Amino acid sequence: MKIKSFLTLALGIVILQSCSSKKSEDNQQKDSVTVNKIEKTSFGTFPDGRTADSYTLKNANGMEVKITNYGGVVSHWTAPDKDGKYEDIVLGFDSLAGYLTPPPYFGAIIGRYGNRIAKGKFKLEGKEYALATNNNNLNHLHGGVVGYDKVLWTAEPIEGEEPALKLTYLSKDGEEGYPGNLNVTVIYTLQKDNSLKMDYSATTDKTTIINLTNHSYFNLSASKNNILDHEVTLNADRFLPVDKGLIPTGELRAVKGTVFDFTSPTVIGKGINDEKDEQIKLGGGYDHAWILNKKEGNELSLAATVVDKTSGRKMEVLTTEPAIQFYTGNFLDGKLTGKGGVNYPKRFALCLESEHYPDSPNQAAFPTTVLKPNETYKTTTIYKFSVVK
């Protein structure tokens, strides 16, 4: 009798433990689904009545990335510090209204051609094309007056273990002076390892040029300090010197022995004010393209590393692109009030824009940015966050 009671009791315990374990697994599954759901909210209304939406991607670690379908802008992006505290590490505005003012392109998708094209002109298959000279009335910059940063993209949330947002846009033939109907897709994927992957692709029905990138402004101190104490490493032995209009001269100059040498970890403030360096004076700081060291032309490889030792935040940039534009917020002037009422003064953030070389359509020695109807444009860039103690 005692044995029977004992067996009954033991069986009951096993059943309870099994139910408890299943309930725990169910709760974990529910939590996982909750964590990886993509929240859609209103981001604001245009003067003409159109509306923009914001999509929040979350992973199980606690990272959050908010992206709006207006310009594909990454408006908020949290990353952990050495104490595990997640804070916003990109510049931007709290609502749509801030983004309706002129540049500086905070967090946006840049296209059809990122960076500058000299005098807003280029030749393609024997025909000359004229683009807007929206950069000091001298050169074409970041796709023109209404580039991809200023259009509404079609958004498709992709929920799952690694939530993603697919953005598509038809850039019509003649838009901003560019030839060809260009179908563009950008997919942002928030990965388990606290990285945000950006996959770009495009096809055209007429030969055109293309150079897409993202223009996020990073401050790893979460806007507590400027970026002069940030430590940067660039996997590049050469950079592109520029003229007074910030157009590459065509020279691929070695960084060794110059303030452009970031082949080992270097504090930004070390050389940014070197008045003896002509290139620093022309750029007002760093605003140049570095030529990445690549074993293969389109391999996904480490391009840059940024560390803020105070917070412990570390960012790595991997890309399939041949170059990266390192920009140190030289044109920020304190007149912009961003998220939470924070002012954005000069050198308050840095950009690392993965791309092809500026002015490539006019410089035959540079890697081509031409896309033909039977081809597919594809690039990938990943921004990965971790912590150093």
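Strands here are DSSP runs of E at least two residues long, numbered from the N terminus.

**Overview. A predicted chain of three helices and 27 strands.** The model is predicted. Its secondary structure comes to three helices and 27 strands. The C-alpha trace spans about 100 × 45 × 45 Å along its principal axes. The chain has 389 residues, and 52% of them count as buried. Take the contacts between residues at least 6 apart in sequence: 65% of these join residues at least 24 apart. The accessible surface comes to about 17,800 Å². Carbon and sulfur atoms account for 51% of that surface. The chain carries 45 positive and 46 negative charges, and their mean positions lie 3 Å apart.

**View A. Asn225 sits in a loop between two strands.** The loop that holds Asn225 runs between strand S16 (213–214) and strand S17 (231–234). Asn225 has a relative accessible area of 41%. That value makes Asn225 partly exposed, because buried means under 20% and exposed means over 50%. Leaving aside neighbours within four places in sequence, Asn225 is in contact with Asn219 and Phe348. Asn225 and Phe348 are 123 residues apart along the chain. Their C-alpha atoms are separated by 7.3 Å.

**View B. Two separate nonpolar cores.** The largest nonpolar core has 59 residues. Trp77, Trp290, Phe326 and Leu352 have the most contacts inside it. Strand S13 (residues 182–190) gives the most to this core, with five residues. A second core, separate from that one, has 21 residues. Phe43, Ala108, Phe348 and Cys351 are among them. Phe348 is also a contact of the loop residue Asn225. In soluble globular proteins, nonpolar side chains tend to be buried together.

**View C. An open sheet of nine strands.** The strand order is S11-S12-S13-S14-S27-S23-S22-S17-S20, and the pairing is antiparallel. Strand S11 (154–158) and strand S20 (266–267) stand at the edges. Each has a single partner strand, so one side of each is left without a neighbour in the sheet. S17, the strand that follows the Asn225 loop, pairs with S22 over four antiparallel bridges. Across that pairing, the bridge partner of Leu234 is Ala304 in S22.

**View D. The hairpin of S22 and S23.** Strand S22 covers residues 301–308. Seven of its eight residues are buried, so S22 is largely enclosed by the rest of the structure. S22 runs antiparallel to S23, and seven bridges join them. One bridge partner to look for is Met315 in S23, opposite Val306. S22 and S23 form a hairpin with four residues between them. In the turn, Gly312 has a positive phi of about 85°.

**View E. S23 beside S27, with Thr379 buried.** Strand S23 (residues 313–319) pairs with strand S27 (residues 377–387) in the antiparallel sense over seven bridges. Thr319 has Thr381 in S27 as its bridge partner. Thr379 is found in S27 too. Thr379 is buried, with a relative accessible area of 7%. Not counting residues up to four places away in sequence, Thr379 touches Met198, Asp199, Tyr200, Thr320 and Glu321.

**View F. An open sheet of five strands.** This sheet has the order S19-S18-S21-S24-S25, with antiparallel pairing. Its edges are strand S19 (253–254) and strand S25 (351–355). Both edge strands have a single partner strand, so one side of each is left without a neighbour in the sheet. Strand S21 (residues 287–291) and strand S24 (residues 323–327) run antiparallel, joined by five bridges. Trp290 stands opposite Ile324 in S24. Trp290 is also one of the residues with the most contacts in the largest nonpolar core.

**View G. S25, a covered edge strand.** S25 stands at an edge of its sheet, yet five of its five residues are buried. Cys351, Glu353 and Glu355 point one way from S25. Leu352 and Ser354 point the other way. In a regular strand the side chains alternate between the two faces of the sheet. Leu352 is among the residues with the most contacts in the largest core, while Cys351 belongs to the second core. S24 runs antiparallel to S25, and five bridges join the two. Ala323 stands opposite Glu355 in S25.

Note on methods
Residues are numbered from 1 along each chain as its sequence is written. This is a predicted model: local features need pLDDT of at least 70, side-chain atom pairs count only at pLDDT 80 or more; totals for chains, interfaces and linings use all residues. Side-chain values use heavy atoms; hydrogens and water are left out. A nonpolar core is a set of buried Ala, Val, Leu, Ile, Met, Phe, Trp, Tyr and Cys residues joined through side-chain atoms within 4.5 Å. Buried means under 20% relative accessible area, exposed over 50%, partly exposed in between (1.4 Å probe, protein chains only). Two strands pair if DSSP finds at least two bridges between them. Contact means heavy atoms within 4.5 Å. Accessible areas come from the Shrake-Rupley method with a 1.4 Å probe; for residues, only the protein chains shown count as cover. Lys and Arg count as positive and Asp and Glu as negative; His and the chain ends are not counted. The place of a charge is taken as NZ of Lys, CZ of Arg, CG of Asp or CD of Glu.
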